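This briefing introduces the structure shown below to a reader who has not met it before. It begins with the nonpolar core and then turns to the chain, its helices and selected residues.

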Amino acid sequence: MTTQVKDLPETQSDTVATRLRKSRDAIGLTRADVVKETGIPAKSIEKFENGNQEPSVSRLVTLCKLYDVTEAYILGQENAQVIDDATKAEDCGATIKMRE
């Protein structure tokens, strides 16, 4: 399965905060939606998106799964906006067994 995140312009100046906000906006979620889906406190989401605090690894993984983007994209290590399930799971450190 391939997921495409739209409306995320590629710029080298994108920060973790900017990419988190843009990824959330791209799928049409509010901060309240993210809190409800993840259990991450609203104040933390606000701090992540304003650049006042970076998310822990576990929270970053949770947000990336919800937003359907890779951690590498959020961290600015890649500009790919299209990912597949195998790539996403690989970035999360998961192992996928493919059916033959």
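## Core and overall organisation

In this predicted model, the largest nonpolar core has 14 residues, and those with the most contacts inside it are L20, L63, Y67 and I74. Two or more residues of this core come from each of α1, α3, α4 and α5 (71-74). Helix α4 supplies the largest share, namely four residues. In soluble globular proteins, nonpolar side chains tend to be buried together.

**The chain as a whole**

- The secondary structure of the chain consists of six helices and two strands.
- Along the sequence, these elements follow the pattern β-α-α-α-α-α-β-α.
- Of the 100 residues in the chain, 34% are buried.
- The accessible surface of the chain is about 6,300 Å², and carbon and sulfur atoms account for 47% of that surface.
- Where contacts in the chain link residues at least 6 apart in sequence, 53% of them join residues at least 24 apart.

**Helix α3**

- Helix α3 spans residues 42-50, and its buried residues are S44, I45, F48 and E49.
- Viewed down the axis of α3, these buried residues fall within an arc of 130°, so they line one face of the helix.
- The buried residues of α3 pack against three helices: α1 (16-26), α2 (31-38) and α4 (57-67).
- G51, just after α3, adopts a positive phi of about 80°.

**Helix α4**

- The buried residues of α4 are L60, V61, L63, C64 and Y67.
- Around the axis they cover an arc of only 165°, which puts them on the same side of α4.
- The packing partners of the buried α4 residues are α1, α2, α3 and α5.

**The residue after α4**

- D68 follows α4 and lies in the loop between α4 and α5.
- The phi of D68 is near 60°, which is a positive value in a residue other than glycine.
- D68 counts as buried because its relative accessibility is 15%, below the 20% limit for that class.

**Contacts of individual residues**

- L20 is one of the residues with the most contacts inside the largest nonpolar core.
- When neighbours within four places in sequence are left aside, L20 is in contact with F48, E49, P55, L63, Y67 and I74.
- Among these partners of L20, F48 and E49 are buried residues of α3, while L63 and Y67 are buried residues of α4.
- The charged end of R19 sits over the ring of Y73, at 4.2 Å from the centre of that ring.
- The structure holds zero aromatic pairs.

**An exposed position in α2**

- E37 lies in helix α2.
- With a relative accessibility of 56%, E37 counts as exposed, since that class begins over 50%.
- E37 and L63 are 26 residues apart in sequence, and their C-alpha atoms are 9.5 Å apart in space.
- L63, in turn, is a buried residue of α4 and is among the residues with the most contacts inside the largest nonpolar core.

Note on methods:
Residues are numbered from 1 along each chain as its sequence is written. This is a predicted model: local features need pLDDT of at least 70, side-chain atom pairs count only at pLDDT 80 or more; totals for chains, interfaces and linings use all residues. Side-chain values use heavy atoms; hydrogens and water are left out. Buried means under 20% relative accessible area, exposed over 50%, partly exposed in between (1.4 Å probe, protein chains only). The arc is that of the directions from the helix axis to the C-beta atoms. Contact means heavy atoms within 4.5 Å. A nonpolar core is a set of buried Ala, Val, Leu, Ile, Met, Phe, Trp, Tyr and Cys residues joined through side-chain atoms within 4.5 Å. Rings of Phe, Tyr and Trp (its six-membered ring) pair if their centres lie within 6.5 Å; planes under 30 degrees apart count as stacked, over 60 as edge-to-face and the rest as tilted. A charge sits over a ring if NZ of Lys or CZ of Arg is within 6 Å of the ring centre and within 35 degrees of the ring normal. Accessible areas come from the Shrake-Rupley method with a 1.4 Å probe; for residues, only the protein chains shown count as cover.
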